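Here is a short report on one structure. Look at the fold first, then read on.

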Amino acid sequence: LLIILLGQVLIYIKINLTDKTCEKTFKQNVVFYPQHQDDEVLWGASAILRAIETCGQDNIYVVLVADGLGVNVFNNNEYKNMTNEEKKEIRDKEFKAALSQLGVKEENIIILSDINKENEDIFELMEKTILEFENSLENVTHISHHYEYDDHPMHIKNGQVLKNLKDEGKVKDALYFIKPQYLKSIPVKNRVIYKVKNKSEYNKVKKACYEYKRVDIENDRYGV
């Protein structure tokens with residue numbers, strides 16, 4: 001399992017554990033902005049592990065931007081009598097459990113839908129959150145989805161929020177996830193690769209992924 005940071009881009013692909021890596025040094029604090037639950041493990045797991053290793057648990061934050069209620073599985077009959085809040089709780093439990101497997105502290109997990117009491121546009125709230133981290137911590141690496149190379153419009157919008165702030169000089173260090181099918185769009189010289197270094201790290205990523213498959217109905221785990 002691998003995450004490639006392409007200059008300012010992250011890519012996740014499967015490779016042999018002995019393949020070469022080219023890692024970019026993080027700033028003192030690192031903030032990840034996955035759009036949906038599971039984006040953090042699909043595109044960012046190895047980078048999260050490396051950030052924790054190099055910066056320490058206290059300095060790694062994950063901000064979930066959307067509530068994840070648009071996932072198709074919620075159209076199934078078993079969910080038809082659930083409220084949106086119940087559905088969100090199911091997804092957020094998976095999200096927190098996956099991040100726990102990677103070593104992210106629960107108090108460093110921010111779910112924007114939990115603090116969005118005035119029903120503010122999620123991308124405006126994302127922008128405010130980025131600036132709050134930038135101004136309060138100062139020495140920060142921000143990591144979002146890519147602003148162009150993605151097949152999900154919300155991922156692209158997510159990346160555009162960070163890209164605009166970077167272009168305006170309001171944040172100093174910005175990086176972006178990218179999916180493997182867009183690898184050729186990024187010059188080789190701009191690619192930075194994060195990958196698991198050993199079996200222990202591999203197992204952490206694997207366990208994080210499997211948190212999204214766990215079924216335990218009594219504890220509101222549906223394997224969404």
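## Strands, cores and a pocket

Val30 stands opposite Ile60 in strand E4. This is a predicted model. The pairing partner of E4 is strand E3: the two run parallel, and three bridges join them.

E4 covers residues 60–64. Its side chains point two ways. Ile60, Val62 and Leu64 point one way, and Tyr61 and Val63 the other way. Is each of these residues buried or exposed? All are buried. Five of the five residues of E4 are buried, so the strand is largely enclosed by the rest of the structure.

Just before the strand comes a loop. Asn59 has its place there, between helix H1 and E4. Leaving aside neighbours within four places in sequence, Asn59 is in contact with Gln28, Asn29, Val30 and Asn108. The C-alpha atoms of Asn59 and Lys105 are separated by 9.5 Å, although the two residues are 46 residues apart along the chain.

Now to the nonpolar interior. The largest nonpolar core has 31 residues. Which of them touch the most other members? They are Phe26, Val30, Phe32, Phe95, Leu99 and Leu102. Several elements give two or more residues to this core. Among them are the strands E3 (29–32), E4 (60–64) and E5 (109–111), and the helices H1 (39–55), H2 (84–102) and H6 (199–210). H1 gives the most, with nine residues.

Phe26 has a long list of partners. Not counting residues up to four places away in sequence, Phe26 touches Ala47, Arg50, Ala51, Thr54, Cys55, Thr141, Ile143, Leu175 and Tyr194. A second, separate core holds 19 residues, including Val65, Leu125, Leu162 and Tyr176.

Next, the open space. The largest pocket contains about 390 Å³ of space. Its lining is made of 23 residues. Which lie closest to the centre of the pocket? They are Ala66, Asp67, Gly68, Leu69 and Gly70. H2 and helix H3 (112–115) each supply at least two lining residues. H2 gives the most, with four residues. H2 thus appears twice: it lends residues to the largest core and to the lining of the largest pocket.

The lining residues divide by type as follows.

| Type of lining residue | Number |
|---|---|
| Nonpolar | six residues |
| Polar | nine residues |
| Charged | eight residues |

Back to the start: Val30 links several of these points. Val30 stands opposite Ile60, is in contact with Asn59, and is one of the residues that touch the most other members of the largest core.

Note on methods:
Residues are numbered from 1 along each chain as its sequence is written. This is a predicted model: local features need pLDDT of at least 70, side-chain atom pairs count only at pLDDT 80 or more; totals for chains, interfaces and linings use all residues. Side-chain values use heavy atoms; hydrogens and water are left out. A nonpolar core is a set of buried Ala, Val, Leu, Ile, Met, Phe, Trp, Tyr and Cys residues joined through side-chain atoms within 4.5 Å. Buried means under 20% relative accessible area, exposed over 50%, partly exposed in between (1.4 Å probe, protein chains only). Contact means heavy atoms within 4.5 Å. On a 1 Å grid over the protein atoms alone, a cavity is a set of points where a 1.4 Å probe fits but cannot get out, and a pocket is an open set with protein on both sides within 12 Å along at least five of seven lines; lining residues have an atom within 4 Å of a point. Grid points are joined across faces, edges and corners, and a volume is the space filled by probe spheres set on the points. Ala, Val, Leu, Ile, Met, Phe, Trp, Tyr, Cys and Pro count as nonpolar, Asp, Glu, Lys and Arg as charged, and the others, Gly among them, as polar. Two strands pair if DSSP finds at least two bridges between them.
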